[in-house]
Amino acid sequence: MSDLESRYLRLVRLFYPAGYRDERGTEIVDTYLALSSPGRQWPSVADVSDLAGGGLRRRLRVVGATGIGPGLRLAAILALTTATGLAGAWITLELNPWTTSWFRSEQDGLSLTPGLGMWSAWLLTAVAYAVAPGRWTRLAIGLALALTIAVVPLAAVVNQFRPPLYMLVAQAGLGVVALAVPRRGPGWLRLAPLGGGAAALPIAATYAYNSRDVDYGYFGWPAGQVLPAAGIALLVVTLLVGVRPAARRDLRGAWALLVLLGPIGMLWLHPLAEELAVSLYGGGPNVDRTTLTTAAAVVSATAVAIVVPVVLLARRRALLHAHASAGGRPARDGLSAGR
Amino acid sequence: METPLREPTFLILTALAAEPLHGYGLIHEVARLSDDRVSLRPGTLYGALDRLLDAGLVTVEREEVVDSRLRRYYRLTEHGGELLADETERMRRNVEAATARLTARTRPRLPRLSGETA
């Protein structure tokens with residue numbers, strides 16, 4: 001056995017479920033070997049990504065989550081549109097030309113802040129999706145995600161203000177889901193994230209102009225109303241988009257909603273942390289890192305507590321269906337199929 | 001299986017419509033049919049084949065061992081052939097409609113005669 005063959009086999013063992021790799025593993029590896037150029041020693045990055053994707057899809061099929069692919073793609077488009085819409089709003093606040101100088105450091109022309117760079121990167125993902133969906137878009141989203149994480153240490157190093165953590169966490173949650181954007185799609189759909197970003201600009205500009213004498217910046221409305229409202233809008237749009245396919249037993253909307261549960265919860269992080277602060281400390285709704293971390297843990301645990309039973313239920317139904325299709329008679333209580 | 005078919009699925013069924021093929025042959029045939037636009041990788045190909053097998057559109061024709069390597073040949077089932085024919089007919093109608101509209105759009109318009117000639 002060559003080094004290349006054993007490396008491909010190792011990858012198949014890593015990514016695919018046991019039963020499947022016994023049945024198909026050799027065939028997949030043999031096809032890779034037939035396609036590989038002479039002298040090749042290592043699988044390419046694209047091969048690793050292909051095997052990881054194939055293994056993930058297989059595992060999802062095993063748990064009966066076959067509709068998750070279209071659901072994930074739908075969730076990704078909605079998440080990217082929300083993320084770019086928010087970026088359009090926040091970049092206006094970063095640029096805010098109406099800021100009264102005595103409420104923050106005097107602006108002398110365009111101030112290059114870490115936040116400005118990060119939100120610009122998110123708006124670029126919308127442009128990338130409109131002109132080059134696929135690898136370039138995922139690369140742009142990956143870059144924006146990396147900047148969203150890097151902005152925390154970067155702002156500390158250059159000693160500048162940065163967007164608050166609850167905003168970064170919400171944006172990162174949306175960004176992770178957005179990585180699954182489809183490679184192809186109708187033109188109007190590819191313009192949705194760009195439209196989201198463009199639509200947010202005049203709304204945020206109006207807010208910034210009207211609050212020029214008090215300058216809440218990222219706090220006040222953005223924290224208390226805009227992010228939670230974006231969460232509700234995302235929830236409602238996902239439900240509305242999912243209703244029509246559901247009428248023909250296509251559950252992509254339901255899967256999209258499950259995928260988006262975590263990010264939607266993260267958009268509610270600040271109000272939740274405020275409630276926790278009141279409960280824990282008994283004083284005012286003063287958010288700190290402890291309350292934010294606790295709120296994030298509560299959101300994550302709730303999302304997992306909802307998603308895991310649904311996936312297990314889907315698996316049980318898939319097993320029952322497979323049992324019935326194979327000619328076996330499903331048990332009356334449906335439990336024997338899962339044994 | 002959901003229709004309209006996605007392009008890689010359509011091309012896999014089209015490739016198998018001519019003759020049974022194994023994985024490597026299928027990848028080459030799909031690339032040839034699409035003028036190298038669609039390049040399937042094995043992980044993607046076998047995922048698609050699993051779905052087509054489950055839907056009864058494709059079946060395993062035979063298995064061979066060549067140079068101590070397993071080759072599994074796949075062929076289109078009757079149901080797969082019918083679905084491919086329906087899908088091709090649907091696409092043909094769309095192409096005809098689009099072609100007719102585009103032809104009408106690009107046809108030079110005759111100048112309209114209006115007003116008095118004197």
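This text goes through a helix of chain A, a surface patch on the same chain, and the contact with chain B in a predicted model.

Helix α1 of chain A covers residues 3-15. With 13 residues at 1.5 Å a residue, the helix should span 18 Å, and its end C-alpha atoms lie 19 Å apart, which agrees. The buried residues of α1(A) include the nonpolar side chains of A:L4, A:L9, A:L11, A:V12 and A:F15. A:E5, A:S6, A:R7 and A:Y8 are also on the list of buried residues.

Further along chain A, helix α10 takes in residues 221-247. This helix gives the largest share of a nonpolar surface patch, namely 5 residues. The patch as a whole is formed by A:I232, A:L235, A:V236, A:L239, A:L240, A:W268 and A:L272, and together these have about 590 Å² of accessible area. One of them, A:I232, is found in helix α10 of chain A. A:I232 counts as partly exposed because its relative accessibility is 43%, a value between the limits of 20% for buried and 50% for exposed.

The two chains meet in a contact that takes 24 residues from chain A and 20 residues from chain B. Between them, the chains bury about 1900 Å², with 44% of this on carbon and sulfur atoms. On the chain B side, the residues that lose the most area to chain A are B:R41, B:Y46 and B:R69, which together make up 28% of what that side buries. There are 4 salt bridges between chain B and chain A. B:R72 forms a salt bridge with A:E27, where the closest N and O atoms are 2.8 Å apart.

Notes: Residues numbered from 1 in each chain as written. Chains lettered and ligands numbered in written order. Predicted model: local features only at pLDDT ≥ 70, side-chain atom pairs only at ≥ 80, totals over all residues. Heavy atoms only, no water. Patch = residues over 30% accessible without salt bridge, like charges linked within 9 Å, V, L, I, M, F, W, Y side chains within 5 Å. Areas by Shrake-Rupley, 256 points an atom, 1.4 Å probe, with all protein chains shown as cover. Salt bridge = Lys/Arg side-chain N within 4 Å of Asp/Glu carboxyl O. Helix = DSSP H or I, 4+ residues; strand = E, 2+ residues; numbered from the N terminus. Buried < 20%, exposed > 50% of the residue type's maximum accessible area, 1.4 Å probe, protein only. Expected span 1.5 Å × (residues − 1). Contact = heavy atoms within 4.5 Å. Buried area = accessible area lost by both parts, 1.4 Å probe.
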